[in-house]
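Biologist: Could you take me through one part of this protein slowly, as if I were meeting a beta sheet for the first time?

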Amino acid sequence: MDYRFLKKDGSYCWVNDEQQLIRDEDSQPVEVVGSWSDISERKRAEAEIAAARARIEHLLASSPAVIYSFKATGDYAPTFISQNVRDLLGYEREEYLNSPDFWESRIHPQDSPRILRAYSRLFEEDRLSNEYRFRKKDGSYCWVSDELQVIRDPAGDPIEVVGAWSDITTRKQLGEALVAAQERLVHLLSCAPAVIYSYKATGDFAPTFVSENIKDWLGYEPREYLENPDFWRSRVHPDELATIEAKSIQLYKKGRHTVEYRFLKKDGTYCWVIDEQHLIRNRDGEPIEVVGSWSDVTAPKEAEIAFRRSEQRLTDAIESISEGFSLYDASDRLIVCNRAYGELLYPGMGTPTPATPFETLIRNTAERGLVKEAEGRVEEWIAERLAKHRQPGEPHVQRRSDGHWLQINERKTAEGGTVAVYTNITEIKRAEEQVREAKRKADLANQLVSEQKRELEILSTKLSKYLSPQVYSSIFTGQRSVEIASNRKKLTVFFSDIADFTATTDDLESEELTGLLNHYLTEMSKIALEYGATIDKYVGDAIMAFFGDPETKGVKEDALACVNMAIAMQKRMRQLQWDWRDAGLERPFQLRIGINTGYCTVGNFGSEDRMDYTIIGNEVNLASRLQSHAELGGILISHETYSLVKDAVLTEERGPIQAKGFPKPVRNYKVLDHYDQLISQSQVIREEKEGLSVFLDLQKMDRASAVETLKSILSRIRS
């Protein structure tokens, strides 16, 4: 055992007391043999070592970094960690020492790949520094700086790795905050409506900073400003550079300076900028830097320039007019007027000066006797004039004492002021008397002309009854001259005739016959005019009309209009037949119609004293022949007409006819009805598509045969 023993001198020393028990032959203890060894030096050395160790433990525990170590080979097992791991990270030492994957399992997943890759350099360089996030005992992450060093034996083989973790969370947060603040500042400067810049206030005045938005506002990259000391001078408009540089002395006198000028942009155009500068001085008051901003003021500057030009143009404009012009504000003070205003209203007084009250001006004119109406009633006239001026209405006339007359036209402005135009109408007034006399004479002449005009209108109305409306209109509007002339045109000719007219009307008195015939012709004429026909003439009970002159919608449209008219006439005839039977007519009229299309000669025929507007030619004769071959109540058309209307009208070809005056048989077609009408009555089926045309006459066809035919067609389409 070791203990302290009192020496002769009164001091204690450390001794190592080793004792041995001596036994006899019977194993009975008989004696103890011992030895004291002075171990004070060893004990002193051990105490010093223990104190040093405690001191190291204390220092490590107090260190801002966690000191740790692990084997440099094999399983890389942990070998040491300082006690302050609990204070910094919250772990007990045993948790590190007893867990080989303690470190790797607590690196932030996003940092782990980067840190593990970096460890390959540790044994190459013997040192390694990393920064990463590490999970603390409470589950939160902190930023650590990890400094590692490899310890090698004399042979150079690695035996241990010593490292230190330092918590740098605060520094990282400050750094991130600083970066965020810098990014925020850059963002704000980039989004600012002005370009922020700076340059040295002395020496070479070299550029020191410019915001990124210089590219957005002026088109330049920041480096173009920062790398070119002559950037600014070379881009100020040459006409303004000297003036701007001369004004810059104000910056060093007052510390601030603002100026406007044109600046060259990257695209070669100039823009207007407002340049605001601030001088920065050091503590000794010496200028060190100039901070400024360029703001693009092109739009307001151009608006200002345009306003000045407009203002000048307005001044030039009002001076160029012969009328007097004035503008008063809401307080009735003169804003602007032209010289003519002063000359007309205030002769001898000169042009009124701006800000003169309106009442002052009119009072001067009244008191000087310049206004006729103000004579002997100055105050009353002033009150009347002020009332008209402040509540302007219709233009009014002012008679001047010198014999002149002025027309005054005043209007209120949006701001409550009054704008007025004064026109010298003296000559007009003088002419009015002459006009009144001339008007009196003209009224007498107009009365005579009106009487003659009424007589002509009555005569014109009577004459119109003898002409087709189209012909009448073309003559009286001047479109057609009244002279013997004709030309060739492609027309569609219409002939209608009442079948057996004489036999039908034998039993009628002449008065009855006249009324019946006029009724029939009136009804047919209404239909003809509705469809645009030119009625050529009535020959007894026959009607001759044509389409295509003097107005035309096109040959095809004219032909279709004529056929549509004929169908409408036959339908109206069927209605009239019932009326006539009810009225006692035993054999009501039946109508035959013939239609042909072809070239005819149309125009005025006759003598210089008497002429007739009509058509002649073989095509006219053919229409008449077709009418005579038509069935009772039927419509017969030629092949030329058929070719123009076949898409809209259902027809039936009849056998050729031998028409008088025509050497060859004439092809002809009986008109049945419009396709649309027949379809609505379910008499026909008609379908038209691109590449497909189907027409079925349900009244004529064999339905069974038609079904078989359609089935055959469908079968071929499907195959």
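Biologist: To give us a starting point, which residue in strand 17 is the bridge partner of R399?

Modeller: Happy to help! Keep in mind that this is a predicted model. The partner of R399 is W405, in strand 17. That bridge is a good doorway into the sheet around it. Strand 17 covers residues 405–412, and it pairs with strand 16 in the antiparallel sense over four bridges. In general, strands of a sheet pair through backbone hydrogen bonds, either parallel or antiparallel.

Now let's widen the view. Strands 16 and 17 belong to an open sheet of five strands, with the order 15-14-18-17-16 and antiparallel pairing. Look at the two ends of that order: strand 15 (334–337) and strand 16 (396–399) are the edges, and each has a single partner strand, so one side of each has no neighbour in the sheet. If you compare the directions of neighbouring strands in this sheet, ignoring which way they run, they are turned by 25 degrees against each other on average.

Next, find helix 14, residues 378–390. This helix lies across strand 14 (324–328), strand 16, strand 17 and strand 18 (418–424), and it runs at about 45 degrees to strand 17. Helix 14 has 13 residues, and from its first C-alpha to its last it reaches 18 Å, close to the 18 Å expected at 1.5 Å a residue.

Which side chains should you click on there? Try W381, I382, R385, L386 and H389, which are buried in helix 14. They cover an arc of only 135 degrees around the axis, which means that they sit on the same side of helix 14. Strands 14, 16, 17 and 18 are packed against by these buried residues, and so is helix 13 (358–367). That brings us back to strand 17, the home of W405.

For practice, you can read another helix in the same way. In helix 9 (residues 238–247), the buried residues are E240, L241 and I244. Seen down the axis of helix 9, these fall within an arc of 120 degrees, so they line one face of the helix. Turn to the face away from that buried side and you will find the exposed residues D239, A242 and A246. The cover over the buried residues of helix 9 includes strand 11 (256–264) and strand 12 (270–281).

Methods:
Residues numbered from 1 in each chain as written. Predicted model: local features only at pLDDT ≥ 70, side-chain atom pairs only at ≥ 80, totals over all residues. Heavy atoms only, no water. Pairing = 2+ DSSP bridges. Axes fitted to C-alpha atoms, helices over the stretch in contact; angles between N-to-C directions. Contact = heavy atoms within 4.5 Å. Expected span 1.5 Å × (residues − 1). Buried < 20%, exposed > 50% of the residue type's maximum accessible area, 1.4 Å probe, protein only. Arc of directions from axis to C-beta.
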